[in-house]
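Student: I am new to this structure and would like a close look at a single part of it. Please go through that part slowly.

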Amino acid sequence: MTPGTVRIERAPDGVWVIAPDDAPSVLDDAAGIHVAVLEVLGGHLSWSVLADHTVPVAVLDDVASAQNWVWAVFGEEVALAVAAGSGRGVTVEPARPRVAAGARRLAYAHWAARWWPASTIDAIPPLDEGLLNGEIATLVEVCDLLVDGDDAVVPTGPALADRPRRADDYALAAGAAVATLPSTLVLARGTTGSDWRRYPPGLVDASEDAVSWEVVRAAGNTTVRVSVVAAPGLSEPMPAHVRPHALIGAASGTADVVLQLSGDVWSGESAAPPGSESGVSVDVHLPGFGVTGQADDGGPEARERVRALVRRRLRRASETAADDGPDAPLLAEIAAAASDSDF
């Protein structure tokens with residue numbers, strides 16, 4: 001199929017799917033960190049923020065309700081094919097291009113609120129929550145024909161990260177988890193990233209160098225120390241229910257450590273599980289939040305693709321030429337790009 005066409009079919013679980021080829025949907029086993037989803041009347045729309053095509057996947061569990069907007073986003077030919085119950089290679093021609101573009105932009109704004117990889121280490125500034133929420137409110141009005149559920153409600157309330165920070169406001173020794181005393185023997189150490197799906201936004205720096213650990217031997221005891229750079233602007237005090245944990249995995253055991261925030265770093269330590277002398281893995285997570293999934297959907301390669309996208313958008317946002325295209329930077333991205341040199 002060409003980028004401007006879709007297939008229409010009934011999925012095994014009874015829902016209807018309108019989709020271009022090889023596009024993510026809410027029916028996938030695991031949601032990728034690149035997937036933007038919008039709750040709409042009668043179903044959900046989804047896009048990959050990494051893809052060039054603008055046609056979403058629609059998963060419809062209430063076709064009658066969805067037909068109120070399918071014509072606007074996909075066009076009359078698709079709406080008729082949905083009514084008929086099938087179709088392949090059906091041409092997409094939105095009857096309301098502004099609504100179709102607004103829906104994609106609104107989905108991206110919601111995606112940015114969750115997945116924007118703010119990092120002091122990588123010099124990716126956070127987005128201003130007030131600006132982002134204001135633009136979401138405007139886009140909800142543009143898309144009032146179709147938007148529904150939680151995505152029709154403008155997010156409110158304080159963010160975990162509520163103030164900007166310059167990259168040179170503190171000294172960061174990436175890879176050095178805890179200062180080691182002269183009498184301490186370091187058995188192993190390492191630096192890694194974390195799975196963004198395992199905790200809410202605004203807790204942890206998104207860099208692949210944000211998590212550091214070391215296994216040390218002192219006074220007859222072997223200990224694992226973990227240090228995690230906090231998200232830009234995070235400040236104390238932090239409620240106990242949003243303090244992340246570090247699940248330490250070794251060759252023959254595990255240990256779960258509650259991390260404490262001190263300045264710009266989450267840290268904790270534990271008696272080393274058996275086999276730690278050969279190195280450990282560290283899974284930063286908030287208990288009860290998110291799910292583990294396939295590495296391809298949230299692993300280092302996927303995270304780097306998201307960072308590359310964000311850097312491109314920040315460069316575009318820093319340009320002085322007028323930009324009113326459907327993928328034009330959000331106001332929060334423009335503000336972030338303007339502050340980038342001071343971050």
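Student: In which loop, between which two strands, does Ala219 lie?

Tutor: This is a predicted model. Ala219 lies in the loop that runs between strand E8 (211–218) and strand E9 (221–229). The backbone there has a feature to look at: Ala219 is not a glycine, yet its phi is positive, at about 55°. Most residues other than glycine have a negative phi. As for its surroundings, Ala219 has a relative accessibility of 80% and counts as exposed, because the cut-off for exposed is over 50%.

Another alanine can be set beside it. Ala123 also has a positive phi, near 55°, and is likewise a residue other than glycine. Its place is in a loop too, between helix H4 (97–115) and H5. Ala123 has a relative accessible area of 37%, so it is partly exposed.

From that loop one can go on to helix H5. Helix H5 (residues 129–142) packs with helix H8 (residues 331–339) at an angle of about 155°, and their axes are 8 Å apart. The angle makes H5 roughly antiparallel to H8, because angles over 145 degrees count as such. On the H5 side the contact includes Leu131, Leu132 and Glu135, which meet Leu331, Ala332 and Ala335 in H8. Sorted by class, the contact of H5 with H8 has five nonpolar residues, one charged residue and no polar residues.

Note on methods
Residues numbered from 1 in each chain as written. Predicted model: local features only at pLDDT ≥ 70, side-chain atom pairs only at ≥ 80, totals over all residues. Heavy atoms only, no water. Axes fitted to C-alpha atoms, helices over the stretch in contact; angles between N-to-C directions. Helix = DSSP H or I, 4+ residues; strand = E, 2+ residues; numbered from the N terminus. Parallel < 35°, antiparallel > 145°, perpendicular 65-115°, else oblique. Contact = heavy atoms within 4.5 Å. Nonpolar A, V, L, I, M, F, W, Y, C, P; charged D, E, K, R; others polar. Buried < 20%, exposed > 50% of the residue type's maximum accessible area, 1.4 Å probe, protein only.
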